[in-house]
Each structure stands twice: as C-alpha cells, then as structure tokens.
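Me: I have a structure open and some terms I want explained. Can we take them one at a time?

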Amino acid sequence: MVIHLPGSTEEVSAEKLTPKEIVRELDKYIVGQRAAKRAVAIALRNRWRRQQLPVDLRDEIAPKNIIMIGPTGVGKTEIARRLAKLTRSPFLKIEASKFTEVGYVGRDVESIVRDLTEIGVKLVRDEKNRAVREAAVRNARERILDILLPDSRRPAARPAFVQPAPTEAESTGETREKLGRWLDEGRLEEREIEIDVKEQGFPSFEIFTPQGVEEMGINVKDMLPGIFGGKTRRKMVRIGEAREQIIAEEAEKLVDQSNVAREAIERVEQSGMVFLDEIDKIAGRQSAASGPDVSREGVQRDLLPIVEGTTVNTKYGMVKTDHILFIAAGAFHVAKPSDLIPELQGRFPIRVELESLSEEDFVRILREPKNALTTQYTALLGTEGVALAFEETAMREIARFAAVVNDKTENIGARRLHTILERLLDELSFEASEMNGQTVTVDAEYVQRVLADVVKDEDLSRYVL
C-alpha cells in the first residue's frame, strides 16, 4: 500500500510510516484524541521495528496491547478501524460480551482467530485477484466468444490431406473478430448465453460441540458439499450479468489458492488486529452472591491464552496469536481496568483515556474530516440534482444542539450528530427527488426552525434525537 503524504509527491509504504505520519493520516478522519492516536501510532511503528530485528530476537518481542477508556461515540472504534485500513491488516471488531466461558451458552473465544483468518484470506485473495484482473478480463472475453461461437478459436483437427475451404476458415475468423468488436463496444450486453451457475445451498446452521461451533460447521460442509452450494446448473444469463462471474472464475484459476492461505496466515500472525469492544462488560470479580460474575471472570480466563499467545486450529492451518495486536475498549463507567483479572491486565500494558467531545469538537467533526457528515449528505442529495450547502452558522447551531441533547439525555458522543442531521434533513430528503436543479442553503435559522421545539421538550428529544 502506498500513501501520498501531504505536501509531498513522494510515495511511502504504509508499513514504513513514522508515528507522526500515522497520526496525520488519522487526523483526516478523527477529530481530537491525540493521546489515543499517539498510542496506536507507536504500536504500529513498533511492528515495523520488530521486523528489522534478527529472527531470534524478533520472536521474543510481544506487541504492546492497548486499552482505550472513554464514553461511546468518541472515536475508539474508528481509530482502530482506520489504522487497520491504513496498513492493509486483517482487522476484526468483536464485542467481548458475545463470549462466555465453557459451560455457558455463547461463542468460543477461539472463533476470534478463525474469523480473523477468514478476513485475512479474503483480504489476500482480493489483492491477488486485482493483480491478475487484466489477464482475467482477457480470458473472460475469449471464453464468452467461445460460448457465442463454439470451436471458433481451435478448429477441429483434420487429416493433413484434407484442406478446409479458404472461405470457411476466413469466415469463422472474421465472425469471431466481429463478435469481439461488438462485445468490446457493449452491443451484446443483452444477449443471453448459457453458463454454469452455483446453486444456492440451504440456510446455514450451527451445531454446538465441545470443539466449538465453527469447527463442526466446517466438517459438516466438507462431508456434505452438495447441500451447501457445491452443485452447479446450466442457466441462460445475459452477457452483462455473466461477465463478472466469468472474470471471477478466470481470476481464481490464475491465483494459487495454497499461496493465498499461506500468505493470509502469515499476515494474520504478523499484522492482525483485534478490537475487543465492551471489555468493561466482562470486568468483575467472582462473587458467590452473583451468578453472572462467574461467567465474566471465566471469559477473561478464556481470553487470556489468546491474548497471551497460543496456537489455534483453523481450516487454513494452525495460526499463532503471539504477535496479533489486541486493542480493547470500554466506557468503564461502573467497572475499572483494575477490575480485570491481574493476568489479563498485564497483557494490556498501555492505557489511554479518550476525552468526551465538546461543542467545538462537534463543529470540527462537521467541517474537517474527509468523510464529514455534511460532505456525505451533500453528495447524497447531489445525486438528485439538489445543491446542498451548510453555512458555518448552521454547523455551530447543530453542534450546540448536539451538546445540549447529550447533556440532557444520554451522552452518545458524535453519534448524536447522525440523529440530529437525519431529523434536520428529513423533509428535504423526502422531497429531493422533485427538486432537481434547486439549491438549498442550511443556515442557523433553518436549524432553529426545525429543531428548537424538539430540543425544548426533553421527553420528545429522548425519543426523536
């Protein structure tokens, strides 16, 4: 992956970005939270540093896992997600509360590694397919021509003494060439051809076993491939619809699938990232008077070997978790990081506290990020031919309302901006299809007119905003 650094034409590999450059990239999407950005930037840079060391020392250096502490909607998940996207790392976001210890109903913690490996395989396969797409497109074109004009590319073998009539060979070649031109020009998109289409299997199901839900599912699919979408049938399909399927099949032939699995496992082991959300929900000591606490501490003990470093069996092979980076996050309103079992605490040496968002932060969130909500709504309504413009006064008024509602009700951080903007633009979004060519300017007066009554009524704002 290459990144164009601001103010420079130099291309830099994402794996070699310095901590300052990483923070600058995160600043494009996330407002504030400097301490959290610094922590993840250092963790990412340490991965590159570890790769430069001799093998014997490299294996001894464990990743410095992070706990992010802060209320909802302040950017915890977004920081981790953007970091993974920046580095092309396999990334999995999972809620810690989905897991329970052995003996309770819930997911097996080893499924974290299996899911992460699946993501890694898809990531590598997509990269490989993109690399061979040009050749796959050429092969798909020839394959479609073969279907349209069978045996036109390789005429049947004839005895040496029997020469085909010149007009016959020339006619076939000219017809194929003409069809090829029409195909390239898009004139055959509606024409139907017969191709093999995979049949849809029955809905998937899970079987709970001591070995885990996922492994049993894999074995059932291997034993009974016919009922899980393994069969194909001939079907007439328009060329426009069939092309992508044929390109995908041709790309799959050009890619060595064993190399995909091997490279995916290596990438998961060396640069995989797991975001464990709601870690505070499983914090708590075992208590004789409280049943659920037993399960909470059990989840922590089950998570411990995964975070600490173990080997998990997946359908692609054995995956070591020693160097996977774990970023845990939670609001910690009731529990504290010190309520986690000591062994798990020790595996998360870096603690970062994220700050609550202020009214000024909301203004910056509406104005600065590349994916700002105002930019998104402007683009969405632009598809209807409506030119939407937000004035600075409108952004400040929206930010003020967001801060007020967060203060009066639950503080859900920047997510409050989504609910307020949906309410603000509700009527416009409904009418936009009939407003082609019009310009709509959102100013402070517009915001007050739409939202003032709702914000004043605290009971109403709890339901609407």
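What follows is a set of short questions and replies on helix packing and pockets in this predicted model.

Me: Why is H6 called oblique to H9?
Reply: Start with the angle. Helix H6 (residues 133–148) and helix H9 (residues 239–254) pack at about 125 degrees. Angles of 65 to 115 count as roughly perpendicular, and those over 145 as roughly antiparallel. The value of about 125 degrees falls in neither range, so H6 is oblique to H9.

Me: How far apart are the axes of H6 and H9, and which hand does the crossing have?
Reply: The axes lie 8 Å apart. H6 passes H9 in a right-handed crossing.

Me: What makes the contact between H6 and H9?
Reply: H6 gives Arg133, Ala135, Ala136, Val137, Asn139, Ala140, Arg143, Ile144 and Leu148. From H9 come Ile239, Glu244, Ile246, Ile247, Glu249, Glu250, Ala251, Lys253 and Leu254. By class, that is 11 nonpolar, one polar and six charged residues.

Me: What makes the contact of H1 with H4?
Reply: The axes of helix H1 (residues 19–27) and H4 come within 10 Å and cross at roughly 115 degrees. The crossing of H1 past H4 is right-handed. Ile22, Glu25 and Leu26 of H1 meet Ile79, Arg82, Leu83 and Leu86 of H4.

Me: How do you know which of these contact residues are charged or nonpolar?
Reply: Sort them by name. Glu and Arg count as charged, while Ile and Leu count as nonpolar. Therefore Glu25 and Arg82 are charged. The full split is five nonpolar, no polar and two charged.

Me: Now the largest pocket. What lines it?
Reply: The largest pocket holds about 690 Å³ of space. Its lining has 29 residues, with Gly73, Gly75, Glu78, Ala414 and Arg415 nearest the centre. Helices H4 (76–87), H14 (373–382) and H16 (415–424) each give two or more residues to this lining. H4 has the largest share, with four residues.

Me: What is the mix of classes in that lining?
Reply: The lining of the largest pocket has 13 nonpolar, eight polar and eight charged residues.

Me: And the second largest pocket: which helix supplies the largest share of its lining?
Reply: H10 does, with six residues. Helix H2 (34–51) and helix H10 (257–271) each supply at least two. The space is about 570 Å³. Of 21 lining residues, Arg50, Gln51, Glu266, Gln270 and Ser271 lie nearest the centre. By class, there are two nonpolar, seven polar and 12 charged.

Terms used
Residues are numbered from 1 along each chain as its sequence is written. This is a predicted model: local features need pLDDT of at least 70, side-chain atom pairs count only at pLDDT 80 or more; totals for chains, interfaces and linings use all residues. Side-chain values use heavy atoms; hydrogens and water are left out. Axes are lines fitted to C-alpha atoms, for helices over the stretch in contact, and angles run from 0 to 180 degrees between N-to-C directions. Angles under 35 degrees count as roughly parallel, over 145 as roughly antiparallel, 65 to 115 as roughly perpendicular and the rest as oblique. A crossing is left-handed if the near helix is turned anticlockwise from the far one by less than a right angle, and right-handed if clockwise. Contact means heavy atoms within 4.5 Å. On a 1 Å grid over the protein atoms alone, a cavity is a set of points where a 1.4 Å probe fits but cannot get out, and a pocket is an open set with protein on both sides within 12 Å along at least five of seven lines; lining residues have an atom within 4 Å of a point. Grid points are joined across faces, edges and corners, and a volume is the space filled by probe spheres set on the points.
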